[in-house]
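This report describes the strand arrangement and the charged side-chain pairs of one protein model. The sequence and structure come first.

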Amino acid sequence: MNVVIIGASGYSGAELASLVANHPHLKLAGCYVSEGSLDKNKLLSDLYPEHLGLLDTPLLPLSASAFDDINNSADYVCLCTDHKVSVDLAPQFLAMGKKVFDLSGGYRLASNDDYVTYYGFEHQHPELLNEAAYGLAEWNSDAIANAQLVAVAGCYPTAALNALKPLKQADLLSDENIIINAVSGVTGAGRKASVGTHFCEVSLVPYGLFNHRHGPEIEQHLGHKVLFTPHLGNFPRGILETIYVQLKLGVTKENVLDAYKVLADEPLIRLLENKIPSIKGVAQQPYVDIGWQQQGTQLIVMSAIDNLLKGAAGQALQCINLSMNLKHTTGLKGAF
């Protein structure tokens, strides 16, 4: 299948281009950036020299003729663009009959009201929100395989939902809010320069208190209230979440272990019973590492992912694999 990537100059786009180029059943058919991008007509390997010889691919401007080329050559279109840009682009590619994998947040939430509140813009295509399959691969595989539009899950929600959905499914959660403290590497902020992500300025700092857009995404797909606080970490890539859960009275350690067994056969989930997940354990790897400790009704769950792989490009490729009826791990496990 021929894959086109829009927004290929960013961290997630470049990561996905590398995965597609190495995939046994995919062909990288084009990498595009906006017409106004300073990166247009450069080689992707000029921006990412680690890909020299693999991704000597020109970053083409997304012009009117580019849309014609994509219509003629692509099977799948991956959007690694700003949320609002994805909202505008996805319907155009869907109208061509392409399957669209959107790595932005443009189609993850349920209503226009959510986009006004958490993204700050009116959603121009709310009719597509119910058609988009949520791209959390381990939990929504059938819908992903059959949908034309896949809203690839956010990075923080991927770590949180894989850690919490087994407990919710087993009915072990009390009614109290779940508290999620999450830390992400600086690549999660994107490639554009800013003072807050400058090498000399970056520090461990919380942001988006009470209003980060991944809070409602977690709540919507978990069906439980959460208090989500993200932090910017002073490291390049990876996410570690420490999650505080109040269990129902009488829930035992055996009940919790049994709940997590629903993930035991998932090839990209690693259950670390009696171990502590770490950034080092998942950086540049396609896995979710989940560990937990319990005292009475208090459970602390720890979840770690690479924000650019399982949190973005790796999960997008996993969704593509599901669409092609391939193993989850094709082009991922053992590729790093």
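The text below takes up the two sheets, then a surface patch, then the salt bridges. The model is predicted.

**The parallel sheet**

One open sheet has seven strands in the order E3-E2-E1-E4-E5-E7-E6, and its pairing is parallel. Strand E3 (59-61) and strand E6 (133-135) are the edge strands, each pairing on one side only. From one strand to the next the twist averages 25°. Within this order, strand E1 (residues 2-6) and strand E2 (residues 27-33) are joined in the parallel sense by five bridges. Valine 4 has glycine 30 in E2 opposite.

**The mixed sheet**

Another open sheet, also of seven strands, runs E9-E10-E8-E11-E14-E13-E12 with mixed pairing. Strand E9 (205-206) and strand E12 (269-271) each have a single partner strand, so one side of each is left without a neighbour in the sheet.

Strand E13 (residues 288-295) and strand E14 (residues 298-305) pair antiparallel over eight bridges. Aspartate 289 has alanine 304 in E14 as its bridge partner. Helix H9 (residues 253-260) packs on the sheet, where it touches E12, E13 and E14. The direction of helix H9 makes about 165° with that of E13.

Strand E8 pairs with E10 in the parallel sense over seven bridges, and with strand E11 (residues 239-246) in the antiparallel sense over six bridges. Valine 183 has histidine 231 in E10 as its bridge partner, while serine 184 stands opposite isoleucine 239 in E11.

How are the residues of strand E8 (residues 178-184) divided between a covered face and an uncovered one? Ile178, Ile180, Ala182 and Ser184 make up the covered face, and Ile179, Asn181 and Val183 the uncovered one. In general, side chains in a regular strand alternate between the two faces of the sheet.

**A nonpolar surface patch**

Ile179 is also one of the residues in a nonpolar surface patch, together with Leu209, Phe210, Leu227, Tyr244 and Ile300. Together these residues have about 540 Å² of accessible area. Leucine 227 lies in strand E10 (residues 226-232). Leucine 227 counts as partly exposed because its relative accessibility is 32%, and partly exposed covers the range between 20% and 50%.

**Salt bridges**

The count of salt bridges comes to nine. Three of the pairs are tabulated here.

| Acidic residue | Basic residue | N to O distance |
|---|---|---|
| Glutamate 138 | Lysine 310 | 3.0 Å |
| Glutamate 219 | Lysine 225 | 3.6 Å |
| Aspartate 289 | Arginine 270 | 2.7 Å |

The salt bridge of glutamate 138 and lysine 310 links distant parts of the chain, 172 residues apart. Glutamate 138 is in the loop between E6 and helix H6 (141-146), and lysine 310 is in helix H11 (residues 309-323). Glutamate 138 is buried, with 10% relative accessible area, and lysine 310 is buried at 0%.

Glutamate 219 is partly exposed at 21% relative accessible area, and lysine 225 is partly exposed at 49% relative accessibility.

In the pair of arginine 270 and aspartate 289, arginine 270 lies in strand E12 and aspartate 289 in strand E13, so the pair ties together parts 19 residues apart in sequence. Is each partner buried or partly exposed? Arginine 270 is partly exposed, with 29% relative accessibility, whereas aspartate 289 is buried, with a relative accessible area of 4%.

Finally, Glu15, Arg237 and Asp306 are linked in a network of salt bridges.

Notes:
Residues are numbered from 1 along each chain as its sequence is written. This is a predicted model: local features need pLDDT of at least 70, side-chain atom pairs count only at pLDDT 80 or more; totals for chains, interfaces and linings use all residues. Side-chain values use heavy atoms; hydrogens and water are left out. Patches are made of residues with over 30% relative accessible area and no salt bridge: like charges are joined within 9 Å, nonpolar side chains (Val, Leu, Ile, Met, Phe, Trp, Tyr) within 5 Å. Accessible areas come from the Shrake-Rupley method with a 1.4 Å probe; for residues, only the protein chains shown count as cover. A salt bridge is a side-chain nitrogen of Lys or Arg within 4 Å of a carboxyl oxygen of Asp or Glu. Helices (H or I, at least four residues) and strands (E, at least two) are DSSP runs, numbered from the N terminus. Buried means under 20% relative accessible area, exposed over 50%, partly exposed in between (1.4 Å probe, protein chains only). Two strands pair if DSSP finds at least two bridges between them. Axes are lines fitted to C-alpha atoms, for helices over the stretch in contact, and angles run from 0 to 180 degrees between N-to-C directions. Contact means heavy atoms within 4.5 Å.
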